[in-house]
Amino acid sequence: MLSLFLPVFLVLLLLGFPVFFGLVFAPGILLWLNGQERDIVLLYRNVYNGMDSFPLMAIPFFMLAGELMNRGGITLRLVEFSQALMGHLRGGLAHVNVMSSMLFAGLSGSAVADVSALGSMLIPAMEKQGYSRRFAAAVTAASSVIGPIIPPSGIMIIYAYVMGESVAALFLAGIVPGILVGVGLMVMIALRADHWHLPQIGARASWGERGRASLKAFFPLMTPVIILGGILGGVFTPTEAAAIAVAYAILIGLFVMGSLKLSDLPDVLIRSGITSAVVLLLVGAAMAFKTVASLAHTPEMLAAFILSLSDNPLILLFLINVLLFIVGMFLDAGPAIIILGPILGPIFLELGVDPVHFAIIMAVNLTVGLATPPMGLVLFVTAAVSGLKVEEVVRGIAPMLVVHVAVIFLITYFPALCLTVPRLFGFVN
Amino acid sequence: MGALIGATKGLAKLNGALLALGRWLGAFLLALMVAAILAQVWYRYVIGNALAWPDEAARFLMLWMTGLMAPTAFRRGGFVAIDMIQLLMPRALAAALQLLLLALSLLVLAMAFRIGLSELSGLGARFATSSLWYPSGLMPLEWAKVPRGWMMASFHVGVTLLLLVNVELLLRAVLGLVGRDGELPAIAQDATLAGAE
């Protein structure tokens, strides 16, 4: 009877039941029908205990740091820096858009923050230079998914907590895939420049101009260095590094760049707090869900089913990628990881897939889902920022998804792409 | 129907005020969390004296922040859900389905409320936290350890606020089914400290 909780949950989810309630209702109702009413109390305790975690605190802190950087005008400095380096190329602002996303990813770790911050600035600027608005919006949306792949990353923290992995290992493993997506998009822009009639506007910046732009962007660019350097150097835990990032964002916003006002802080705190509260509740519910999944032997049953399809890990990884891609089309990356991580993770661990490798496959695939129709959050935000219809953004982004899919398959079948960096730092054997 | 509209308006006003207070407190608690962790780092590396309390204090604050701020997200439709099927349905059917789902979430929250009450009056709530103290007497000044129940109360308060929001949303959905929801004040979507919703 208890094993039915997964189908019940999926049906409720498809009908529009909020994920948080579904995660506790589906196992709860079956425990009740099974006469295990006392275990419902354990479900309640698991939700509470799941939220009561020091490592989880990194989530509100990184969200707050991202909001502060965004509000403090740091985005403009990053764009100017990218412009100095790449603005002279054919399709220069498109390249600048992608590069700014890669740099912004080192600060915020959120695709939506990337679209709102960079999109509102770069889409009108690109349009003014002769790019179609559809293309500008599509490049913004396609490159924004780099945000949660390059560290710091909210979904990596969630995965690490739910699955008991090292946050630092996942952060390091995300670097190469994130760069691959960015470089892949730039290559595509260069190759398709004729087809898309991309303009060449800017002259090559002098080394002096590049130096000045680098100096202006120096403090924002130091953020990922401080975060990763602190964690890898054993100076801070990821949670402490996130708090340091908040303090750093406030200091440079208020005193160095002068673009953040004290009166901005309450609104920033509220926005970050509300978003974090939803994620923390979800993670708590996921811990309860995970316990019931183990009690009901769900991973074992699913493993038996999956292994009946094939015993070749390469084929199974392909099938899982297809499944994740489909799930990503309907569900945000965070909740999807919370639901699928505890179910799929143990199966692939048993098949000999490295847990960090599997985590990155899941994270990248589900993050790409943010930019795929019909339910990609990034598409909706891009539509709102650009003033286009969602369908137009979808038509624009469709060819660019080839890059994302190619990267997913590259990291799936060449694990070294994800594992080499964490291996160099001793996080993976 | 007039009584139902009146009750919904009253509950909306109550929720608007409570959640605004929750947001204000939650923002303050988030700032305190950052301060606690920075104090931890400062004392460990600069003063050379690691403090015992910041870890537990920051978790205490985070749990309360979650309890106080998550209900705002629920009221504004910010709980993650797949609403595609509802969007494809005829309006009346989608409204009926929404009503059913709100009834199910009400069931979850009512159960959680009941369990929360017994948890708070149970033995677990009386255990002390390991590093948090409060003044239990002023003349002379005495200190006692903060009971775990104070931490657990955060979840119960969160569930209670979610329950109130759920009832309001349910009443709104009922009125929506009969086409009278236009008479209700809209739920404000912007994240402000202001009490007015």
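How much area is buried between chain B and chain A, and what share of that area do carbon and sulfur atoms give? Keep in mind that you are looking at a predicted model. Put both chains on screen: about 5,000 Å² is buried between them, and carbon and sulfur atoms give 81% of that area.

Now pick out B:Val80, B:Ile82 and B:Phe155. In chain B, these three lose the most area to chain A, together 16% of what that side buries.

Next, widen the selection to everything in contact across the two chains. You should get 56 residues of chain B against 57 residues of chain A.

Time for the charges. There are 3 salt bridges between chain B and chain A. One to zoom in on joins B:Arg44 to A:Glu240, with the closest N and O atoms 2.7 Å apart. While you're there, look for polar contacts too: 7 residue pairs make them between the two chains, counting pairs with both residues at pLDDT 80 or more.

Colour chain B by helix. On the side that touches chain A, at least two residues come from each of α1 (2-47), α2 (53-75), α3 (84-88), α4 (91-120) and α5 (148-177). Recolour that side by residue type and it splits into 38 nonpolar, 10 polar and 8 charged residues.

Last stop: α1 of chain B, on its own. Try a distance between its end C-alpha atoms, which are 65 Å apart. At 1.5 Å a residue, the 46 residues of α1(B) should span 68 Å, so the two values agree. Step just past the helix and you land on B:Gly48, which follows α1(B) and has a positive phi, near 75°.

Key. Residues are numbered from 1 along each chain as its sequence is written. Chains are lettered from A and ligands numbered from 1 in the order in which they are written. This is a predicted model: local features need pLDDT of at least 70, side-chain atom pairs count only at pLDDT 80 or more; totals for chains, interfaces and linings use all residues. Side-chain values use heavy atoms; hydrogens and water are left out. Contact means heavy atoms within 4.5 Å. Buried area is the accessible area (1.4 Å probe) that two parts lose on being put together, summed over both. A salt bridge is a side-chain nitrogen of Lys or Arg within 4 Å of a carboxyl oxygen of Asp or Glu. A polar contact is a pair of N or O atoms within 3.5 Å; within protein, one must be able to donate a hydrogen and the other to accept it, and residues adjacent in sequence count only if both atoms are side-chain atoms. Helices (H or I, at least four residues) and strands (E, at least two) are DSSP runs, numbered from the N terminus. Ala, Val, Leu, Ile, Met, Phe, Trp, Tyr, Cys and Pro count as nonpolar, Asp, Glu, Lys and Arg as charged, and the others, Gly among them, as polar. The expected span of a helix is 1.5 Å times one less than its number of residues.
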